[in-house]
Amino acid sequence: MTFNTLVTGYADPCLHAGGLYIGGKWEAGIGIPVLDPSTGNTLAEVPDAGIDDAMRAVDAAEAAAAKWRRTPPRQRSEILRRWFTLMTEHAEELALLISLENGKALTDARGEVAYAAEFFRWYAEEATRIGGEFRHTPSGAHNILVDHEPIGIAVLITPWNFPAAMATRKIGPALAAGCTVILKPASETPLTAYAMARLGEEAGVPPGVVNVLTTSNPGAVTAAMLSDPRVRKLSFTGSTGVGRILLAEAAKSVVNCSMELGGNAPFVVFDDADLDAALDGAMVAKMRNGGEACTAANRFYVQSGIHDVFVERLTSRMAALKLGVGYDPETQCGPMITTQAVEKIDRLVAEAMSCGARATTGGAPLPGSGYYYPPTVLANVPTDTALAHEEIFGPVAAVYRFETEEEAIRLANDTEYGLAAYVYSRDIMRAMRVGRGIETGMVGINRGLMSDPAAPFGGAKQSGLGREGGITGILEFMEPKYFAVEF
Ligand code: NAP
């Protein structure tokens with residue numbers, strides 16, 4: 001398939017949308033170039049919203065809010081369900097678009113579209129099951145009634161690594177709860193967000209319920225929205241560094257925050273693990289999205305007895321992956337998102353190698369256009385290098401040797417992050433014990449993939465606050481209201 005055919009796919013009138021989306025209207029504009037990471041070419045340009053545009057989006061979300069919160073849950077549910085159906089019908093065009101602007105391999109992009117759409121289906125179902133609570137006071141003399149109300153206007157900020165799924169994981173529960181939203185997608189991948197909004201419009205989302213803004217000045221634009229008393233919620237997915245800035249900003253107006261931040265996942269393999277299953281899991285946990293995932297296995301801790309064979313077999317699997325243009329159907333690992341991303345990986349790997357790590361495959365960026373770093377395995381990695389402590393966010397598997405269960409837990413916890421961990425052992429009691437000992441919000445036991453719309457996704461420590469997905473995800477967009485009732 002040629003590049004031009006793919007661009008024709010992008011130009012599908014159903015999906016192609018240009019401009020800010022405010023109050024149900026499209027406003028054309030330019031200012032932010034969108035690059036194709038596979039080639040470095042410019043794909044499109046999207047508008048650069050300023051503070052005035054953001055305040056108009058808040059006005060639009062406010063104008064739609066009262067009606068939307070009173071819209072019967074069944075009706076909200078049916079709109080989300082139609083949006084799910086439309087995403088499914090347009091899955092192939094959306095996958096091409098994601099691959100074009102993000103660079104991920106088409107198979108990963110297809111997987112993302114299916115995963116992203118499921119959040120609309122799941123929250124279409126949850127919209128009709130929002131519960132409350134009734135109980136007697138301990139004295140038995142009074143009653144406690146707890147209702148859940150939509151929290152209000154929500155600002156949603158998403159990263160580039162899952163441009164569709166990070167948006168639906170927020171929009172789905174927010175709309176199901178009865179909130180109106182302003183979505184600010186990452187500047188690298190706005191086209192997917194605009195295409196999704198177009199489908200939302202077709203699904204019957206009323207004007208102003210979902211607004212989409214792109215900006216090159218996210219700090220000032222977000223600060224302005226958070227200081228508006230009508231905005232009651234910030235749901236952010238991105239790096240821990242930006243999360244800290246936004247928490248400080250939100251504190252000024254005490255805006256309710258959900259934070260899905262960075263990760264540094266340990267992948268622990270015991271001697272008694274099913275080696276084939278562990279390798280399968282390792283490839284998924286490391287290489288989904290070319291390693292650009294918050295749940296990506298960053299640190300492989302392998303017990304001495306199988307360490308060498310694990311390194312050897314992981315090396316041959318990684319070396320066999322086909323690296324190339326994301327939207328080439330043969331590609332298994334696409335480019336990184338930017339040239340800066342490649343430089344960061346290069347810095348981490350070079351420093352580890354200067355301290356004694358050995359590359360068994362890969363180990364240096366590839367020259368030429370596009371932002372390519374090859375699948376890499378590093379053995380003998382010292383635990384005091386930056387590679388062990390920073391998010392790699394690329395196709396680099398760093399392998400460390402360990403001896404005892406206690407050592408594995410100590411090493412796994414030696415990080416400020418606490419998002420995801422993986423444990424492989426045939427002894428389920430041990431796997432659960434180790435899983436409990438690791439301080440993360442999520443643990444894969446003999447599994448390399450944990451994301452599921454029905455599960456509570458989120459982190460401990462500096463990986464975040466709150467959960468997305470599952471039955472808890474909708475409560476992040478609701479305010480409990482307690483009625484002390486005499487009857
Ligand atoms: P990022 O640099 O933190 O950016 C995320 C979003 O925040 C983008 O939309 C960005 O806009 C915006 N932003 C940047 N600075 C801002 C500011 N001062 N105020 C308001 N918004 C601001 O993260 P990224 O590089 O896009 O994504 C990778 C990170 O996300 C990794 O750390 C990864 O682990 C994390 N992540 C976490 C999860 C999870 O569920 N825990 C899921 C996916 C990714 P611009 O693009 O315009 O700069």
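Domain bounds here come from an automatic or database domain assignment.

**View 1. The ligand sits between two domains of this predicted model.** Domain 1 (3-261 + 464-485) and domain 2 (265-452) both give residues to the shell around the ligand, so the ligand lies between them. Residues are numbered from 1 along each chain as its sequence is written. Because the model is predicted, local features need pLDDT of at least 70, side-chain atom pairs count only at pLDDT 80 or more, totals for chains, interfaces and linings use all residues, and side-chain values use heavy atoms, without hydrogens and water.

**View 2. Meet the neighbours of the ligand.** Among the 31 residues around the ligand (each with a heavy atom within 4 Å of it), Arg169, Ser187, Ser239, Leu261 and Glu391 come nearest. The shell holds 15 nonpolar, 11 polar and 5 charged residues; Gly counts as polar, while Asp, Glu, Lys and Arg count as charged, and Ala, Val, Leu, Ile, Met, Phe, Trp, Tyr, Cys and Pro as nonpolar.

**View 3. Polar atoms of the protein meet the ligand.** Look for the polar contacts, pairs of N or O atoms within 3.5 Å. A polar side-chain atom of Ser187 is 2.5 Å from a ligand oxygen, and a side-chain N or O atom of Ser239 is 2.6 Å from a ligand oxygen. At Leu261, a polar backbone atom lies 2.7 Å from a ligand nitrogen.

Methods
A polar contact is a pair of N or O atoms within 3.5 Å; within protein, one must be able to donate a hydrogen and the other to accept it, and residues adjacent in sequence count only if both atoms are side-chain atoms.
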